[in-house]
Amino acid sequence: MTVRHWFAGVVIAGSVALVGCGGGTPTPTPKPTSAEHAGAEHAGTTANTGPAANLAKLSVEDKELAEGQKVCPMTGEPLGSMGVPPKITLNGQTVFLCCNGCIKDAKADPDKTLKALAEKKANAK
């Protein structure tokens, strides 16, 4: 067998492996872990940054507030675990969320969101 034939065989085998043979069952996409996140987009999520790196992208003042809050009132997830946490204001109070997918639900019932935040802060102590 010549090098050319060997190389052609490797290219063909690699192509079949990449493309697949068809007829297989597609791998299902994992579902979000929280019901609140079904269909939510986690803008800013990156695999190579952790919560501390994402919180560091906030202004100094916002970083201190987010570190004091610690978790998302909607999911209980650590702030920064899904990218840079979005900041909203509810009834005059600054609130950080784990991702953009929580904004709509948080704003839909501000009193419920603020109550959940107070409970999560109390439980974290």
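Let's start inside this predicted model, where the largest nonpolar core has 18 residues. Within that core, C72, V95, L97 and C102 have the most contacts. Three elements give two or more residues to the core: the strands β1 (87-90) and β2 (93-96), and the helix α5 (110-124). In soluble globular proteins, nonpolar side chains tend to be buried together.

L97 is a good residue to select in your viewer. Leaving aside residues up to four places away in sequence, L97 touches C72, P73, M74, L79, P85, P86, I88, C102, I103 and A106.

One of those contacts, I88, takes us to β1. Here I88 and L90 make up the covered face, while K87 and T89 lie on the uncovered one. In a regular strand the side chains alternate between the two faces of the sheet. β1 runs antiparallel to β2, and four bridges join the two strands. K87, for instance, has F96 of β2 as its bridge partner. Together the strands form a hairpin with two residues between them. In the turn, N91 has a positive phi of about 50 degrees.

Now move back along the chain to helix α3 (residues 60-69). Which of its residues are buried? They are D62, A66 and Q69. These three sit on the same side of α3 because they cover an arc of only 60 degrees around the axis. V60, E61 and E64, on the other side of the helix, are exposed. The cover over the buried residues of α3 includes α2 (51-55), β1, β2 and α5, so here we meet the hairpin strands again. Just after α3 ends, K70 takes a positive phi of about 75 degrees.

Technical notes:
Residues numbered from 1 in each chain as written. Predicted model: local features only at pLDDT ≥ 70, side-chain atom pairs only at ≥ 80, totals over all residues. Heavy atoms only, no water. Core = buried A, V, L, I, M, F, W, Y, C linked by side-chain atoms within 4.5 Å. Buried < 20%, exposed > 50% of the residue type's maximum accessible area, 1.4 Å probe, protein only. Contact = heavy atoms within 4.5 Å. Pairing = 2+ DSSP bridges. Arc of directions from axis to C-beta.
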